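Here are a few exercises to work through with the model open beside you. Try each task before you read its solution.

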There are 4 protein chains.
Amino acid sequence: MNIRVTVWNENVHEQENRIVASVYPDGIHGAIAEGLNADPAIRTATATLQEPEHGLTEEKLAQTDVLLWWGHRAHGEVADEVVERVCNAVWSGMGMIFLHSAHFSKPFKRLMGSPCNLSWREAGERERLWVTSRNHPITAGLPNHFELEHEEMYGEPFGVPEPLETVFLSWFSGGEAFRSGLTYKRGAGNVFYFRPGHETYPTYHDANIQRVLLNAVKWAHNPAPRLADPNAAPNIPVSKALEPIEERGSRLHDDGEDGYR
Amino acid sequence: MNIRVTVWNENVHEQENRIVASVYPDGIHGAIAEGLNADPAIRTATATLQEPEHGLTEEKLAQTDVLLWWGHRAHGEVADEVVERVCNAVWSGMGMIFLHSAHFSKPFKRLMGSPCNLSWREAGERERLWVTSRNHPITAGLPNHFELEHEEMYGEPFGVPEPLETVFLSWFSGGEAFRSGLTYKRGAGNVFYFRPGHETYPTYHDANIQRVLLNAVKWAHNPAPRLADPNAAPNIPVSKALEPIEERGSRLHDDGEDGYR
Amino acid sequence: MNIRVTVWNENVHEQENRIVASVYPDGIHGAIAEGLNADPAIRTATATLQEPEHGLTEEKLAQTDVLLWWGHRAHGEVADEVVERVCNAVWSGMGMIFLHSAHFSKPFKRLMGSPCNLSWREAGERERLWVTSRNHPITAGLPNHFELEHEEMYGEPFGVPEPLETVFLSWFSGGEAFRSGLTYKRGAGNVFYFRPGHETYPTYHDANIQRVLLNAVKWAHNPAPRLADPNAAPNIPVSKALEPIEERGSRLHDDGEDGYR
Amino acid sequence: MNIRVTVWNENVHEQENRIVASVYPDGIHGAIAEGLNADPAIRTATATLQEPEHGLTEEKLAQTDVLLWWGHRAHGEVADEVVERVCNAVWSGMGMIFLHSAHFSKPFKRLMGSPCNLSWREAGERERLWVTSRNHPITAGLPNHFELEHEEMYGEPFGVPEPLETVFLSWFSGGEAFRSGLTYKRGAGNVFYFRPGHETYPTYHDANIQRVLLNAVKWAHNPAPRLADPNAAPNIPVSKALEPIEERGSRLHDDGEDGYR
């Protein structure tokens with residue numbers, strides 16, 4: 001079965017910064033898409049902040065099985081309407097993968113319900129990732145640990161809810177440790193946060209990182225049909241109760257009416 | 001140690017509906033506060049939608065250890081600014097307990113990051129609550145199961161994230177089962193959702209329910225000092241790294257500057 | 001890819017009780033295997049208590065991707081050596097599904113680390129299962145709820161650790177609710193507990209139950225190679241440290257030696 | 001309220017190794033007990049492997065609110081009968097804290113249901129612990145990170161079940177990261193694993209470590225009465241069903257009889 005992936009990138013650093021442009025001549029989204037397309041089961045499209053509706057129309061999301069999100073400098077420029085649309089797609093069953101500085105993106109903070117803050121240092125130091133969950137699908141084909149010679153540091157405490165599973169930890173030369181791979185479920189949607197990916201380093205050209213993203217796409221993909229309305233809160237009238245009951249006491253609502261929101 | 005509790009209630013049904021007014025002549029908030037004040041370690045205040053800033057000023061929240069929330073008809077009238085203020089207080093360490101129809105309140109949906117939807121039926125049917133976590137602090141002094149003769153039904157699937165712990169299940173006469181007591185942590189704050197409490201029934205006068213709320217207040221209370229800024233994301237300059245490192249590679253940020261949000 | 005399944009059954013009631021024999025003329029294991037074999041991607045074998053080594057030799061387990069376990073009357077007759085072998089297979093990556101009264105089986109108690117107790121009643125009452133985790137792979141193709149007209153009751157508190165995810169709740173005519181579908185991971189192995197399946201009722205002939213088992217097999221199956229030694233605790237000598245360090249202070253062990261167990 | 005603590009230590013290295021004896025002249029148990037007794041709310045006793053029944057009689061456990069466990073060289077000498085007794089006490093509500101090499105102790109492996117393995121190196125390297133759960137009771141009064149200048153290294157993957165909460169991560173000079181503080185619940189008992197504490201280093205004389213142990217004792221303590229029988233699996237006869245039901249279909253058991261184990 002094909003998995004339809006959309007890689008979203010704000011695509012700002014690439015336009016403004018010579019170094020980032022040289023590391024990612026096709027944009028961060030381009031590099032990620034190229035890595036994913038190496039798997040014949042995956043068809044990858046891209047979308048960026050600058051496109052109408054940031055390239056994330058209802059139609060596009062309806063045809064996206066898994067969405068990857070990279071943002072940093074322009075978090076505040078993402079329209080709230082698109083954020084709600086993306087969250088509704090996740091709740092309906094779309095998989096979603098948040099990358100690196102997307103920890104502070106609007107949709108990640110919206111889905112986590114928490115500050116998503118951390119400490120950080122941009123010093124090109126060594127990061128070593130450790131697998132904590134044996135044979136987790138997201139770690140398929142990976143060694144127990146691997147290195148990125150140059151990365152930005154992220155430090156704990158990381159202001160996210162306790163995950164379903166902690167899949168990776170990171171060690172940094174400067175002395176910090178961090179929970180770098182975390183799984184969640186929100187509504188019907190699988191969500192994965194993956195830490196590495198600073199824009200000035202060639203992280204998305206690294207074979208192990210590409211493998212993690214490929215695995216994560218397959219893990220996040222849910223082949224079940226998308227929920228028609230992930231926010232539905234149906235009233236079940238007494239006449240349709242599964243066990244015979246009689247209405248008792250007083251009430252405020254009429255049969256089948258909408259509840260209060 | 002005293003625990004400072006604030007019971008928040010939208011206080012709308014009590015003003016508009018004769019039945020609710022007769023069940024709760026002092027308001028739902030009044031009944032809950034009375035139950036809590038039976039414990040000398042707890043000092044309870046109330047706040048309602050109609051007060052300036054809904055009675056939830058910065059000062060009030062700063063002096064609240066645990067906030068309880070009851071809302072239903074007027075979810076949409078709660079100011080977004082107050083919702084953010086409440087969430088920031090939770091992230092800083094304030095405990096919070098969401099009651100019954102508060103599953104669709106703005107702060108609960110904001111903290112869960114999910115639709116928080118469910119099915120429902122207002123038929124005064126029997127609800128029986130079952131303890132699922134033995135000797136959990138929230139179940140102290142309770143039997144393994146207890147009944148509410150008349151309650152509104154809530155049915156699964158309940159659109160919330162997997163909790164830290166499932167503390168209660170409910171059985172309903174009409175044939176549904178529901179996860180009725182769920183614990184979460186958001187930032188530094190403990191969060192508890194507790195299902196019963198429909199406005200037309202005397203649920204908050206029930207001794208077992210009062211016991212749950214008392215236990216939940218003690219469980220949610222965190223005596224640690226509130227975090228000064230729950231959203232802080234400090235830059236750690238190379239010169240202050242805990243292990244000696246040298247800056248390598250190129251970078252976008254200056255030492256100690258704010259990151260992008 | 002084919003999934004190699006082994007259905008294990010103590011196969012005692014079928015030999016001793018006329019009713020069970022009439023409901024399951026090919027044994028409970030036979031009925032379960034027949035349901036699974038309807039999927040061409042699954043090849044199902046069976047094993048029973050009466051076979052040498054209960055049919056669970058090292059070779060058999062090495063060729064089993066997912067093991068299902070049904071036991072009741074003869075829990076105590078399962079050899080401890082086989083229990084350890086099964087647990088080691090799970091820790092190495094074999095998926096495992098425990099059915100109904102297997103809550104008190106030796107391997108389930110061994111993997112849970114808890115009493116696994118519950119209350120029960122054999123009255124042929126109605127059970128209704130509710131899906132609590134939307135679009136979970138184990139619920140694929142199922143409605144939000146379905147019924148078994150005759151089942152044994154299991155009641156809370158269920159003495160198991162908090163699961164990774166609660167997938168099903170049960171409602172019973174007699175007034176109980178129960179967490180009926182629970183996921184775990186132990187070592188590299190996925191574990192699922194599924195409540196229904198009393199020997200005197202035709203539960204394993206039910207289409208929804210067969211669907212759950214099929215889904216659960218696919219969920220539990222991990223295509224990664226089995227771990228060679230799931231209990232390995234390797235010493236990493238200073239000379240092989242990933243960062244250059246020098247040995248400091250005193251020590252008890254020699255390089256590369258086995259640790260204490 | 002007083003909390004009654006028992007510190008259990010195998011007390012072998014202290015007798016056999018000059019260095020350990022000089023670091024812990026009163027034994028590791030003596031050092032831990034001294035740290036805990038600094039809090040007037042805690043009364044600490046000790047027990048060792050060499051005592052009859054390892055000092056852990058039924059009476060002793062019945063009067064222990066929280067048990068700490070340190071073992072290493074003599075895991076295999078702990079009697080299985082005592083291990084079952086300790087686990088039953090945990091399931092009944094006794095809190096339990098496993099220290100350092102107790103990851104391979106019999107009761108920890110029994111309660112986890114998993115291999116509990118890890119990689120290790122004894123090089124006196126620096127360990128830095130990071131708090132991952134803000135304002136968790138176990139971190140009260142601690143900075144966001146603190147150091148131990150000399151410790152044994154433990155590396156991931158750590159073969160334990162996903163915890164309720166990850167409270168600490170460790171960073172090691174040699175390049176590893178590790179989940180160092182993990183909470184669990186088993187039956188009615190709270191369980192905490194805390195990594196540091198190698199016998200040749202003065203870890204238990206460190207003020208931050210003493211603070212963690214004090215906090216952990218208070219967190220693990222459950223004031224609820226101990227369960228009379230944590231393994232009880234009561235039959236509920238039809239005549240005592242909470243909702244009126246009639247027995248239907250055939251059955252194997254008589255009313256009120258014991259189930260199969």
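The exercises below look at how the chains pair up.

Before you start: this is a predicted model, where local features need pLDDT of at least 70, side-chain atom pairs count only at pLDDT 80 or more, and totals for chains, interfaces and linings use all residues. Residues are numbered from 1 along each chain as its sequence is written, chains are lettered from A and ligands numbered from 1 in the order in which they are written, and side-chain values use heavy atoms, with hydrogens and water left out.

**Exercise 1. Work out how many residues chain B and chain A put into their contact, and how much area is buried there.**

Step 1. Count the residues in contact (heavy atoms within 4.5 Å). Chain B brings 67 residues and chain A brings 67 residues.

Step 2. Get the buried area, meaning the accessible area (1.4 Å probe) that two parts lose on being put together, summed over both. Between chain B and chain A that comes to about 5400 Å², with carbon and sulfur atoms giving 58%.

Step 3. Look for the big contributors on chain B. Trp120(B), Arg248(B) and Tyr260(B) lose the most area to chain A, together 15% of what that side buries.

**Exercise 2. Find the salt bridges and polar contacts between chain C and chain D.**

Step 1. Search for a side-chain nitrogen of Lys or Arg within 4 Å of a carboxyl oxygen of Asp or Glu, which is the salt-bridge rule. You should get two salt bridges between chain C and chain D.

Step 2. Zoom in on a pair: Glu149(C) bridges to Arg248(D), at 3.0 Å from N to O.

Step 3. Now go for polar contacts (a pair of N or O atoms within 3.5 Å; within protein, one must be able to donate a hydrogen and the other to accept it, and residues adjacent in sequence count only if both atoms are side-chain atoms). The rule turns up 26 residue pairs across the interface of chain C and chain D, both residues at pLDDT 80 or more.

**Exercise 3. Say which rotation and shift superpose chain C on chain D.**

Step 1. Superpose the copies by least squares on the C-alpha atoms of residues with pLDDT of at least 70 in both. A rotation of 180 degrees with 0.0 Å of shift along its axis does the job, at RMSD 0.0 Å.

Step 2. Interpret that: the two copies are therefore related as by a two-fold rotation axis.

Step 3. Find the axis in chain C. The C-alpha nearest to the axis belongs to Gly113(C), at 2.4 Å.

Step 4. Compare the surfaces. Both copies use the same one, since 100% of the contact residues of chain C recur in chain D.
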